[in-house]
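Dear colleague,

I am handing over the structure below, and after it you will find my notes on what turned up. Please read them with the coordinates open.

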Amino acid sequence: MDVSQYLDVFIDETSEHMQNLSDCIMALENDPDDKDTINEIFRAAHSLKGMAGTMGFKRMQHLTHDMEDMFQEVRNDNIKVTSEMIDILFECLDAIEGYADNIKASSDEGTEDNQVLIDKLNAFLNGEAGASSDAPAEAPAEEAPAEAEADSSESDDMKFKKIELGDAERDAIKAAEDAGKSIYGMTVYINESCLLKAARAFLVFKAVEDFGEILVYSPSSQDIEDEKFDFDFSMYIAIDGSIEDVAKEAKDVSEIEKVVYGQVTYNELLMQAVEEEEAAAKEEEPKETPSEEPKAEVAVAKEEPKAAPAPAASASNNNANAKKAAAKPVTSRTVRVDIEKLDALMNQVSELIIAKNSLVSLSSGEDGQSSQTFHDQIEYLERITTSLHESVMKVRMVPIESVVNKFPRMIRDLSRQLGKKMELYMSGEETELDRTVVDQIGDPLQHLLRNSADHGLESAELRAERGKPEVGTIYLNAYQEGNNVIIEVGDDGNGIDTERVKSKAIERGIVSADAAENLSQKEIIDFLFMPSFSMAKQITDISGRGVGLDVVKSNIEALGGDVEVKSTLGEGSKFTVRLPLTLAIIQALMVEVRDEKFAIALGSIMTIESVPQSDIKYVQAKEVLHLRGMVIPIIRLDEVLDSEPLEDKPEILTVVIVKKGDRCAGLVVDNLMGQQEIVIKSLGHYINNNKIISGATILGDGEVALILDTNQMF
Amino acid sequence: MASSTSIDFTEKEKKQYIVVNIGEEQYGIDISFIDNIVKMCKITRVPKVQDYFKGIINLRGEIVPVMSIRTKMGLENDEYTKTTRIIILKLEAGMIGIVVDAVKEVVALSEDEIDRTAQSSKANANFINGIGKNGEELISLLDLSAVVDASIVA
């Protein structure tokens, strides 16, 4: 059977399980006795192993198998969770991720055996398990009751008894029996969350065929291959050897919940055919109660092959566990959609909005008397397109969680590597951003966090000297602000030593000693964002190679965002990353400078003021406006945009006050044209990207207007 | 491009070029790179870009940058007349328009009608990759990647 069609599912699921594992292992380190977490880890590891096995990735399967063993021991309280163990587990996760990456790239797991890691696992396992050698013996015994419980419902689970046999099939059974083979009926239950049912069934058949011959399939083998069955299938097999071995092999196929079997004879089958109808009526009733059981059994009895019937005791004891396993998160009702299809949808919505805008400009441009209903309809259209746009945008939004949830693990690793104690606090993981932005924000954020861990936080001695808590704090906060999403990354470490930066800049010849004297704090900090400007005294693995903040900055700017730093020496620093919520369509204020039209994103506008020229004051030879207690620098757009100079200066200036974080600036424009929904179009690759213009848009009348990125003007 | 019907019968190995006037000279542009030829329309200036970019235009809902080949070659500024056209090229990095004084005709040239070694006037030496001979007339064949490439920014 070709499994390549399942590769996508496999990759998706692997990364889900990996993330789950990573989260749980982190949780386990904090609370080593939490049984729920351990069970969750066990399930995730088991699924991983199973999936790898199904897809034929033997090395990956091997590694996950050994990990699973480790969890098994932990679950049975045979070994204690220690931080060395967590380290090993994380190393394993990294190795598995390596496999997954290989598979993603080449559909092949690669050739790395990770034998060292496996040895380490086993050494750990043996070392620990040996110390409490009597415990393992108990474990199987404890699980026995669970088997028993399952057994009580087994007669109903033996669906093979209900297979309706045709004459040909009965003959086949008879022939096999005559040949001296034992005939068994077998029903296999597949885990209900299993996605590759047909593949599982196929593996079961393959395993069984090693022992004997499959005489009858139910449903038919074709239906099974086409996945036309629920979560169980039955068969009659003819074998020479022991049925236990067969069942065990079948059970070892991953995501198989259980295998029930029983010996049958040709005569029984004949009898059964007769009795079937009567039996069917009777069986209806007792069926109800045990129907939940097969699922519940997963967590408690997965490892054991079906044992011989044992007294049905202490079922209540197991029920608690059983319920937990059954209460799996309900899968949300979602559809996976190719991002390209969404892009296409988005483009069409954009076209629609452009078309709508031209209708709007038509209706307002004419005599104004044109029929009232026409206006009404246009307004209606406007409402629809706006909400359509919002819906499409929402579809593209994903929480940043998928990116930031790998950070706790990273900080933990860094903490060990650097020998500093630190804790990461995150908030706002549910904040949503456009998919394309989320995909690309991971690296810059990671870099900032590493920066905080490596450069930001002081050594333990220094922290003690400064009276700070021993454990350093690193935080990541995300929240929405207007049309932007803000992500703050900071620490309570040393902060940026501007004097050192300054001397470094002078040393590098970036700035002269004289000029450096007049630099503001902000200008000095900006040096850090220059290419190849590393402040680390020693180059470490983590940072300090000079490819750093400049890359962060350019990555974020490529996404239409920007990054700012605030820092207090001795108290810590904070990087604020600002990202646009949407990339495609925004509400904008249209303004005119001379006869050229420009769009300013509404989200960044605070107020619009009419200011007499006389109110403009000068501070350090720069124009400022004193407005309601704030001193706002004035930017003359015509100068910034190289517009033709005006012959006579107007008495009253129209000033658009824009904000960026807690700073403001006043942009002087000639004329306001009103608010409009605009579609952002890129200027393409040819035009040298000057940062003040973030794109262009097409107005209702077909004219092109440029979009101003006011964030670049501060 | 009504003229294209008349040359459907040309031999396979001949390449078609659109002949345009820029100043006194005739230039040929490989037809396979041409998406469209549009009349002069309003070009929206973009501040602070390379000087040879005239700005951007709206080509049926798409934003297309337009460059002046004259500025690039160091010739005097474009004068827009009735015959001025913008040739829209479709290249790997996207669409780009170039302003020409006039579009004359389509010619088909085979490789032996093209002189790859000849030098043209100094100004455009870097931008042509051959001279085509169409009867008595000489046509400088534009090396589009050279014309455009230098303007691609990382």
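In which loop of chain A is the place of A:Arg628? Please keep in mind that this is a predicted model. The residue lies in the loop between β16 and β17 (630-636) of chain A, and its phi is near 45°, a positive value in a residue other than glycine. Most residues other than glycine have a negative phi. With a relative accessibility of 63%, A:Arg628 counts as exposed, because the cut-off for that class is over 50%.

A:Ala621 also deserves a look, since this residue, although not a glycine, has a positive phi of about 60°. A:Ala621 sits in the loop between β15 (616-619) and β16 (622-627) of chain A, and at 73% relative accessibility it counts as exposed.

Turning to the helix α4 of chain A, which covers residues 83-106, I compared its expected and actual lengths: at 1.5 Å a residue its 24 residues should span 34 Å, and the end C-alpha atoms are 34 Å apart, which agrees. Several residues of α4(A) are buried, among them A:Met85, A:Ile86, A:Leu89, A:Phe90, A:Leu93, A:Ile96, A:Tyr99 and A:Ile103. The helix is followed by A:Ser107, whose phi is positive, near 60°.

The remaining notes concern the two chains together. The size of an interface is often given as the accessible area lost when the parts come together. Here chain A and chain B bury about 2100 Å² between them, with 61% of it on carbon and sulfur atoms. On the side of chain A, the residues that lose the most area to chain B are A:Tyr686, A:Ile687 and A:Val704, which together make up 36% of what that side buries. The contact draws 22 residues from chain A and 26 residues from chain B.

As for specific pairs, three salt bridges are found across the interface of chain A and chain B. A:Asp642 forms a salt bridge with B:Lys48, and the closest N and O atoms of that pair are 3.4 Å apart. Between the two chains there are also eight residue pairs in polar contact, both residues being at pLDDT 80 or more. β21 (693-698) and β22 (704-708) of chain A each supply at least two residues of the side that touches chain B, and β21(A) gives the most, with three residues. By class, that side of chain A has eleven nonpolar, seven polar and four charged residues.

With best regards

Conventions. Residues numbered from 1 in each chain as written. Chains lettered and ligands numbered in written order. Predicted model: local features only at pLDDT ≥ 70, side-chain atom pairs only at ≥ 80, totals over all residues. Heavy atoms only, no water. Helix = DSSP H or I, 4+ residues; strand = E, 2+ residues; numbered from the N terminus. Expected span 1.5 Å × (residues − 1). Buried < 20%, exposed > 50% of the residue type's maximum accessible area, 1.4 Å probe, protein only. Contact = heavy atoms within 4.5 Å. Buried area = accessible area lost by both parts, 1.4 Å probe. Salt bridge = Lys/Arg side-chain N within 4 Å of Asp/Glu carboxyl O. Polar contact = N/O pair within 3.5 Å; in protein donor to acceptor, adjacent residues only side chain to side chain. Nonpolar A, V, L, I, M, F, W, Y, C, P; charged D, E, K, R; others polar.
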